[in-house]
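Please look over the following structure before reading on. The report below describes its overall build and then its interior.

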Amino acid sequence: MTRDDRDRRLGRRPERDIEDELAFHLEMRTRELEARGESPERARERALARFGSVEEVRASCEEIARRRQRKVARVEYLAELGQDLRFAVRTLVRKPAFTAVALLTLALGIGANTAIFSVVDALVVRSLPYPAADRLVAVWADRGALSKAEHLAVEERVPSLEAAEAYQGGVGLTFGAGDGGPASLVRGARVTPGLFTFLGARPALGRTFRPEESRPGAGDVVVLSHGLWRERLGADASAVGATVLVDGIPRTVVGVMPPDFSFPSRRDRLWLPVTLDLANPGDAWGHSLLRTIGRLRPGATPGQAAAELRALASELRLENPLWTPVEEYGAGAAVVPLREHLSGDLRLPLLVLLAAVGAVLLIACVNVANLLLARAASRSREFAVRTAMGASRGRLVRQLMTESLLLAGAGACGGLLLAHWGTNAMVSGLPVDTPRLDEVALDGRVLAFTVLLTGAAGLLFGLLPALRASRPGGTGATRAGRDSTNALGHAAAGGGRHQRRLAGALVTVEIALAVLLVTSAGLLIRSFDRLTAVEPGFRTGELLTARLTPPPARFGDDARRRALYGAVRDRVAAMPGTRAVALTSQLPFDQDIGRTALFLQGVTQDPNDLPMFEERAVTHEFFEALAIPLLRGRAFDTRDAAGSPLVALIDESAAREFFPDSNPIGATVGFPWSDEWMTIVGVVGAVRNRELGEAPRPTLYRPFDQSPRAAMKLVLRGDGPTDRHAANLRDVIAGVEPAIAVSDVQPMEAWIAESLARPRFATALLLVFAALALVLGAVGIYGVISYATAQRIREFGVRKALGARAADLARLILRDAGVLAAIGIAVGLAAAWASTRLLAALLYDTSATDPLIFLGVPALLGLVAVLAAVGPAMRAASVESAQALREG
Amino acid sequence: MAGSEVDILRGTLDLLVLKSLSWEPRHGYGVARWIELSTGDVLQVGEGTLYPALHRLEERGWIASEWGVSENNRRAKFYELTSRGRQQLEAETRSWRRYAEAVFAALDAPSVPATT
């Protein structure tokens with residue numbers, strides 16, 4: 001084979017060859033025809049005619065040639081890739097310490113990101129799993145809950161909505177499986193009959209509700225969740241058609257939903273139809289409990305619907321038979337896309353977490369990049385040889401990138417394991433009534449995200465070292481030193497100042513990110529701390545609470561309720577160790593809403609301007625049991641029985657707001673639509689209600705005997721720890737009335753802790769990330785300083801020989817570390833300052849520029865940097881000049 | 001156009017090319033001449049179609065090419081049969097003969113052929 005041929009084979013353009021080949025043929029044919037007697041021109045003509053279209057032939061041949069080339073290139077590429085991968089594996093295995101550190105770092109970074117992303121994706125980003133999800137809206141979202149009449153009006157009289165359904169979730173109900181077993185408390189939802197169809201949900205067994213089942217009298221049906229059916233009915237297939245007792249009322253099970261269905265949240269385990277009885281104005285207009293969701297007509301916007309809603313509101317204001325709402329009623333009526341509405345107050349904390357975990361990954365990538373830079377320096381001889389043997393720079397880069405991506409991929413595998421565990425941990429850390437919690441999973445989308453992230457990470461940490469290492473002329477290599485066994489502190493074969501500066505710059509970035517994270521975590525911790533220190537307004541220790549729900553059917557009238565709870569009160573008071581027992585319709589912090597509009601005679605001049613009060617019916621021991629102070633007048637006592645003049649107590653926040661200059665004692669308040677009027681006899685201390693972070697709202701107290709409710713909460717103050725009383729309590733109450741469902745028996749402190757679930761979740765996670773960032777940052781500093789020290793052994797030898805003391809050398813190293821840290825901290829603090837506005841929304845009673853944090857964090861990181869540099873500093877100090885000069 | 005020009009099916013062209021190379025390497029023009037001479041010039045190839053055929057056959061590994069010097073001292077691309085190509089030639093020859101015999105038999109048959 002001549003050189004010419006080899007060149008041809010090696011990929012000189014085939015177009016020339018084909019041209020030559022065809023030209024040869026035509027020339028031969030022309031010659032032949034000339035030899036037969038044709039003139040040269042005629043011969044040429046005939047040769048061409050015989051040949052056919054030269055262009056077409058050439059095009060065909062070129063196409064074939066190109067195909068061949070592509071195939072060859074593909075095969076070669078795959079072969080090279082296989083080579084690279086095998087080589088990469090060998091290289092990584094040969095340095096197990098380095099590989100282990102890198103893998104661990106990457107696994108942490110990628111795993112954490114995957115876990116957070118899976119939560120954010122499911123709760124915030126992904127569209128709702130219902131048909132026409134982008135047209136679903138929350139209607140009158142600013143109000144939160146509507147009355148039945150308002151919902152019906154929305155459904156029928158807002159043209160932009162093609163459908164609207166309503167639900168009331170988290171309703172406490174007693175459930176008896178009809179098997180004679182005890183009734184237990186479950187949470188369920190009341191829904192309009194069309195809700196399931198609206199959500200595109202089909203039952204696993206039986207059917208869902210029919211439209212007529214919302215008519216009064218026709219609604220003795222129930223749909224069960226899969227879990228409830230499995231637990232209480234033994235997953236019996238003949239459950240459809242069976243009778244169960246819900247709140248003591250027999251209902252027919254008409255359907256069972258599939259296991260993956262939950263609405264409005266996992267907490268709701270059965271569904272009842274909402275009864276719409278417009279003939280009863282008190283029922284239709286008097287309670288606002290329904291949340292309405294709607295579907296926009298194609299082409300309609302939420303803005304249009306909101307405008308129509310506002311117009312409707314002004315009409316409804318006048319149609320309300322019970323009272324006339326204020327002028328502003330409906331003025332701010334909002335129609336919000338449902339996805340946003342459901343993720344509402346989770347968005348900000350989750351996004352902050354996502355940013356934080358992204359920062360952790362960046363730090364991890366920086367660390368691995370530095371590791372690779374250090375390794376690359378020690379491999380410069382290997383690269384020099386390969387270049388000499390003909391490898392192009394691109395080829396070297398490709399090989400190094402393959403190593404990086406392999407590293408990233410392996411790290412990602414470990415990361416996925418971590419993510420699996422992390423996702424589960426997060427889901428259990430979030431409140432159980434978080435919407436869409438069921439959708440959190442490591443599914444295809446999340447895996448795709450992980451793959452992309454892994455690729456990006458591999459590129460990020462691999463590109464720079466790859467480009468550096470493959471530079472023509474090598475990495476400025478000097479003679480190689482002896483490899484130390486320390487994976488992070490290779491006595492490098494060169495690299496010199498450039499590499500050190502680069503590594504140093506990267507570490508500075510790392511430190512800045514770590515500062516940002518630690519600062520944010522510190523602020524959140526401070527905020528959480530302040531939150532938990534808030535005085536709720538009552539004594540929380542040694543209080544056992546329980547929710548009592550008797551079957552409403554049997555305890556529908558006042559007399560029975562008074563008798564029942566009187567007996568309960570007496571028997572519980574007689575239990576050993578009981579110091580005080582009280583009943584209340586609403587416990588602080590237990591999330592059940594009991595708000596009402598209240599008319600204050602002499603204060604609220606305008607019947608259209610009724611303020612909203614929290615309202616509780618309590619037995620008179622309530623204030624003593626919870627140690628709520630009496631500020632003015634008197635508390636309830638035995639005088640305030642059924643039939644006596646109606647009395648009420650207000651709390652201090654109500655007194656301050658509505659009676660700032662006058663004495664509330666003796667004032668008359670009441671509900672105009674039910675013609676109940678009460679006299680205020682006293683003022684008690686204010687109590688935090690739903691959240692520690694929320695100021696107490698005006699509260700009205702009524703004596704239980706004058707306003708007996710069916711379901712009540714029991715509060716027990718006893719001697720010693722509360723769990724002792726818990727078992728007794730159940731027995732005693734069962735002794736009074738076995739059909740009462742006793743549930744949520746837990747100490748008062750548990751309720752408060754539950755209300756803190758969300759801030760605790762965010763704080764805990766951020767703390768984990770900050771800790772990770774700190775550890776990774778420390779590792780990074782150690783690595784870079786260590787590496788730099790190893791490189792400068794020779795220089796230290798010289799200094800020592802010239803009279804420097806060990807302490808001087810150590811100080812040199814520490815100073816270098818200090819400079820790096822200082823720059824990083826400064827940048828980080830600046831970034832933290834800039835991001836304060838974002839965090840401020842999450843903080844309670846903590847300034848986003850809290851000086852303690854802004855001073856403490858730099859100190860902490862400075863300390864960490866110094867500690868990380870101690871090892872290398874000592875090594876520098878112990879350099880023996882002669883040995884160093886030999887080694888260098 | 002004069003005479004009995006018969007369009008050659010691609011498969012048949014491949015067969016003829018392989019046959020033409022079964023004795024010795026030839027260049028493209030040589031293959032064209034051989035086909036012309038051995039078929040009595042009945043098959044007047046749109047000669048150009050020979051070249052895509054040659055390239056295709058090379059792509060499939062039945063023939064291999066090499067640039068060399070022609071009988072009149074010019075640079076030319078020579079093709080030769082590979083061992084796989086030789087096997088392919090034998091197989092295709094066999095099946096072509098069977099096909100041709102069957103067609104001949106049909107052409108010579110009476111109106112109602114004898115059943116076997």
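How many helices and strands are there in chain A? In this predicted model, local features need pLDDT of at least 70 and side-chain atom pairs count only at pLDDT 80 or more, while totals for chains, interfaces and linings use all residues. Residues are numbered from 1 along each chain as its sequence is written, chains are lettered from A and ligands numbered from 1 in the order in which they are written, and side-chain values use heavy atoms, leaving out hydrogens and water.

Chain A has 27 helices and 22 strands, where helices (H or I, at least four residues) and strands (E, at least two) are DSSP runs numbered from the N terminus. Its radius of gyration, taken over C-alpha atoms, is 39 Å, well over the 29 Å that the globule rule (2.2 Å times the number of residues to the power 0.38) gives for 888 residues, so chain A is more spread out than a compact globule.

| Property of chain A | Value |
|---|---|
| Span of the C-alpha trace along its principal axes | about 130 × 95 × 55 Å |
| Buried residues (under 20% relative accessible area, 1.4 Å probe, protein chains only) | 50% of the 888 residues |

The largest nonpolar core, a set of buried Ala, Val, Leu, Ile, Met, Phe, Trp, Tyr and Cys residues joined through side-chain atoms within 4.5 Å, has 70 residues. Helices that each supply at least two residues of this core include α5 (96-125), α12 (347-378) and α22 (757-791) of chain A. Apart from this core lies another, of 30 residues, among them A:L26 and B:V17.
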